[in-house]
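Thanks, everyone. Let's go straight to the model on the screen.

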Amino acid sequence: MVPNARFEWMRQSQGGTRSVDAQLVSDSTVFTSVPVPVFDRSAGSVSVGASAVLPGGVNGFANIERLLGRDNFRSTRLTVGVRIEF
């Protein structure tokens with residue numbers, strides 16, 4: 001059994017207020033600009049898992065990853081796999 005862990009952090013150093021411009025297809029005189037909310041400038045993820053080498057050329061692994069630092073948003077990813085020699 002071989003454990004593993006990973007930590008990752010990202011920081012957006014540039015950016016500013018953004019907006020989306022919209023226009024009605026049926027009436028091209030109607031035009032609006034909608035401000036886009038500014039997302040968190042820092043975020044990261046942490047992952048832990050393990051892999052195993054088993055007899056007969058079989059390898060297995062499992063990892064779970066969690067997103068960190070985002071307001072009003074959660075993400076968890078589970079990865080499981082098997083490798084078989086043939």
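One definition before the hairpin. Two strands count as paired if DSSP finds at least two bridges between them. Keep in mind that this is a predicted model.

Now that hairpin. It is formed by β4 and β5, with three residues between the strands. Look at Gly56 there: its phi is positive, near 80°. The two strands themselves cover residues 42-54 for β4 and residues 58-68 for β5. They pair in the antiparallel sense, over 11 bridges. Two positions help you find the register. Ser51 has Phe61 in β5 as its bridge partner. Val48 stands opposite Ile64, also in β5.

Step back to the whole chain. What does the secondary structure come to? Zero helices and six strands. Along the sequence, the pattern reads β-β-β-β-β-β.

Four strands form an open sheet. The order is β1-β4-β5-β6, and the pairing is antiparallel. Which strands stand at the edges? They are β1, residues 2-11, and β6, residues 76-84. Each has a single partner strand, so one side of each is left without a neighbour in the sheet. Direction ignored, neighbouring strands of this sheet are turned by 15° against each other on average.

Take the β1 side. β1 and β4 pair in the antiparallel sense over 10 bridges. Within that pairing, Trp9 stands opposite Gly44 in β4.

Stay with Trp9, because its ring brings us to the aromatic count: one aromatic pair. Phe7 and Trp9 have ring centres 6.4 Å apart and planes at 10°, so the pair is stacked. Note the cut-offs here. Centres must lie within 6.5 Å, and planes under 30 degrees apart count as stacked. Is Phe7 buried or exposed? Exposed, at 57% relative accessibility. Trp9 is partly exposed, with a relative accessible area of 46%.

Next, Ser42. This residue lies in strand β4. Its side chain makes a polar contact with the side chain of Arg11, at 3.1 Å. What else does Ser42 touch, leaving aside neighbours within four places in sequence? The list is Trp9, Met10, Arg11 and Gly69. So Trp9 comes up again, this time as a contact of Ser42.Over to the other edge. Arg83 is found in strand β6. How accessible is Arg83? Partly exposed, with a relative accessible area of 48%. Along the chain, Arg83 and Gly60 are 23 residues apart. In space, their C-alpha atoms are separated by 6.2 Å. With neighbours within four places in sequence left aside, Arg83 is in contact with Gly57, Val58, Asn59 and Phe61. Phe61 is also the β5 bridge partner of Ser51.

Finally, the overall numbers. The protein has 86 residues, and buried ones make up 13% of them. The accessible surface comes to about 7200 Å². Of that surface, 59% belongs to carbon and sulfur atoms. Now the contacts between residues at least 6 apart in sequence: 42% of them join residues at least 24 apart.

To close, three things to look at on the screen. One is the open sheet, in the order β1-β4-β5-β6. Another is the stacked pair of Phe7 and Trp9. The last is Gly56 in the hairpin, with its positive phi.

Note on methods: Residues are numbered from 1 along each chain as its sequence is written. This is a predicted model: local features need pLDDT of at least 70, side-chain atom pairs count only at pLDDT 80 or more; totals for chains, interfaces and linings use all residues. Side-chain values use heavy atoms; hydrogens and water are left out. Rings of Phe, Tyr and Trp (its six-membered ring) pair if their centres lie within 6.5 Å; planes under 30 degrees apart count as stacked, over 60 as edge-to-face and the rest as tilted. Buried means under 20% relative accessible area, exposed over 50%, partly exposed in between (1.4 Å probe, protein chains only). Axes are lines fitted to C-alpha atoms, for helices over the stretch in contact, and angles run from 0 to 180 degrees between N-to-C directions. A polar contact is a pair of N or O atoms within 3.5 Å; within protein, one must be able to donate a hydrogen and the other to accept it, and residues adjacent in sequence count only if both atoms are side-chain atoms. Contact means heavy atoms within 4.5 Å. Accessible areas come from the Shrake-Rupley method with a 1.4 Å probe; for residues, only the protein chains shown count as cover.
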